[in-house]
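Good morning, and thank you for joining this short presentation. Please have the sequence and the structure in view while I speak.

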Amino acid sequence: MLKDLFSKLNKKVNETNRNDGTFENSESIMTKCPNCKKILYSKELYKRLNVCTNCEHHLPITAPDRMEALMDEGTVKPILENITSANPLNFPNYEAKLNKDREKTGLNEAVICAEGTIDDTPAVVAIMDSRFRMGSMGSAVGEKLARTFEYATERRLPVIVFTASGGARMQEGIISLMQMAKVSVAIERHNQAGLLYIAYMTNPTTGGVSASFASVGDINLAERGALIGFAGRRVIEETIKEKLPDDFQTAEFLLKHGQLDEVVNRRDMKNYLGRILKLHSGV
Amino acid sequence: MTMAFEFEKPIYELEDKIGELEKYAAKNKLDLTKEISFLEKKVNDKKDEVYSNLTPWQRVEIARYAKRPTTLEYIEEIFEDFIEFFGDRVHSDDAAIVGGIASYHGTPVTVIGHQRGRDTKGNIHRNFGMAHPDGYRKALRLMKQADKFNRPVICFIDTKGAYPGKAAEERGQSESIARNLVEMAGLKVPVISIVIGEGGSGGALALGVCNRLLMLENATYSVISPEGAASILFKDASLKEIAAESLKITAADLKSFGIADEVIMEPKGGAHNDREAVISSLDEAVKRHLDELQSMDGQTLMDDRYDKYMNIGVFTEQS
């Protein structure tokens, strides 16, 4: 019995140690914090939105779990659910990979979108999920995000986008790069209508997603400890032949360099966003 | 002409043979006109065969070729009275991007482009055309200025990508590119972007949210370099030729996706073989598109850009 628990525990440790921002939602009773190594009750950790009780380290959270934690109960109305990826370049193995991630995550794409209220203020929210193709942006993700902004512009609502992405989805080649432009034109129309956009960067936000909608909120926020950057650490180290500091490209590093309005603890997420939304509710 | 690329070897071998025959004929006072003209025909056939069947990777090689005309050459030849402006007003002047104002067939315009070096020294000065945030912010400053004075914006794209460096990240490489994308979406003046060499990912797109995207025949535009894609997707950088094929990065591919609006034909074998010809074709195409765009008002131009990008994407939607 005890042995059972620990074999599960070991499995969980391996999973949560993966640094690509993905994790498996295992049924194990205990979870080891990858940062402070303290062994935690999974149930309690889940109640705390996967924030370590001991060191406040942020473990990954799924997009559906975040949506549930953020929005007022009973107000969530999912939108744009039926848009999914095709294989425009007939890229080898792409469909198989999509299907595998659909099975693994129960999601049909790397972003979910919904309308609802946060502490009684209406908003349209898009949340990316890094378990699905590393949260990469292909046509479907680009279309859903662009239409999220259109949807909000038509209804004069604020938008919050939680980013979690390795960047553009390479299997869709140049079409994926153009999604950066597509989401940008929709953001600009929303902006010109005088509406609020909050970009909320979570772990990881890199590449083409970092270099487009993630960085151009009226307010740019990031989650504690999140990896955020344009180029990968290894690429930069190889280019400049220099070792980078440990905190390079963390949310805290970006805050220090003036790239963010604030770094937020996930447990304060709802309250913090609710306050900002309220101050904009006359818009 | 000297051989630029390995795939041109069969052509140059034939041309060498002709040279030898001519020398031999002159030395021995022989009439080999027939033989020589036969070989000349063979050279032409070979050129047609090689240049009309270029693989995507061969086009990448042409697009990156050191002797290929760069932004400043096009600016000097096509525009009059170019006045270059410098600096982002925040941190520095980034020589990887050039820009300024000029007269284009009598119309004042703002011109901006990535600038590669023409040799090693130039490449060090230009950082190989790979910009820092300072470069994108200079570009944006000039675009906003163009918007204020109602000048069309013409951008030349020629970059491997945004520079992956420590200082670039610290100063907000991501934000500088992202900012350009949304601000370009909101410009009330015509924007034409022309990919003249390599269009490398976000660093290229930062000058590329436009009303009309033109591409030179051998230019490429990609989300990632073929080498990068090969090492990430196929775990083997030597598969770059296959990656170049799979990624669909040629001007013809982009035209077929509706991303590029026109492909500007190049002289046989590439723009470097006949600079005058490519400059005049590019000028003709830009002029034609600009004439069309200049009849639109600010809102129509923004809507046109909106529609252009909202229509790009291939996905499934169940009702």
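I should like to begin at one pair of residues: within strand E9 of chain B, B:Glu317 is the bridge partner of A:Ile83. That pair belongs to a strand pairing between the two chains, in which E4 of chain A and E9 of chain B, residues 315-317, run antiparallel over three bridges. Please bear in mind throughout that this is a predicted model.

Let me turn to confidence. The model scores ipTM 0.95 and pTM 0.93. Chain B has a mean pLDDT of 95, with 99% of its residues at 70 or more. For chain A the average pLDDT is 91, and 90% of the residues score at least 70. One segment calls for caution: over residues 1-25 of chain A, pLDDT stays under 50, and the model has 37 contacts beyond four places in sequence for this segment. Where pLDDT is low, predicted coordinates should not be read in detail.

I now come to the interface as a whole. How many residues does each chain bring to the contact? Chain A gives 55 residues and chain B gives 49 residues. The area buried between the two chains is about 4600 Å², and carbon and sulfur atoms account for 70% of it. Three residues, A:Met170, A:Ile174 and A:Phe230, supply 14% of the area that chain A buries against chain B, more than any other three residues.

There is also a polar side to this interface. The rule finds 14 residue pairs in polar contact across it, both residues being at pLDDT 80 or more. Which elements of chain A give two or more residues to the side that touches chain B? They are strand E4 (83-85), helix H5 (139-155), helix H6 (173-192) and helix H8 (233-240). The largest share, 17 residues, comes from H6 of chain A. Sorted by class, that side of chain A has 29 nonpolar, 18 polar and eight charged residues.

Side chains of opposite charge can pair when their charged atoms come close. Two salt bridges are found across the interface of chain A and chain B. A:Arg189 forms a salt bridge with B:Asp303, with the closest N and O atoms 3.0 Å apart.

Over all chains, the structure holds 41 salt bridges. One of them joins the side chains of A:Asp72 and A:Lys270, at 2.7 Å from N to O. This pair links distant parts of the chain, 198 residues apart: A:Asp72 is in the loop between helix H3 (63-70) and strand E3 (77-79), and A:Lys270 is in helix H10, residues 269-279.

Another link within chain A involves A:Leu80, which is placed in the loop between E3 and E4. Beyond its neighbours within four places in sequence, A:Leu80 is in contact with A:Cys113, A:Lys144, A:Arg147 and A:Thr148. The C-alpha atoms of A:Leu80 and A:Arg147 are 7.9 Å apart, although 67 residues separate the two in sequence.

I shall finish with two points of backbone geometry. Most residues other than glycine have a negative phi, and most peptide bonds are trans. Is the peptide bond from A:Asn203 to A:Pro204 cis or trans? The bond is cis, with omega near -15°, and A:Pro204 lies in strand E8, residues 197-206, of chain A. A:Lys37 is not a glycine, yet has a positive phi of about 70°. A:Lys37 lies in the loop between strand E1 (30-32) and strand E2 (39-41) of chain A.

Thank you for your attention.

Technical notes: Residues numbered from 1 in each chain as written. Chains lettered and ligands numbered in written order. Heavy atoms only, no water. Contact = heavy atoms within 4.5 Å. Buried area = accessible area lost by both parts, 1.4 Å probe. Salt bridge = Lys/Arg side-chain N within 4 Å of Asp/Glu carboxyl O. Polar contact = N/O pair within 3.5 Å; in protein donor to acceptor, adjacent residues only side chain to side chain. Helix = DSSP H or I, 4+ residues; strand = E, 2+ residues; numbered from the N terminus. Nonpolar A, V, L, I, M, F, W, Y, C, P; charged D, E, K, R; others polar. Pairing = 2+ DSSP bridges. pLDDT = per-residue confidence, 0-100.
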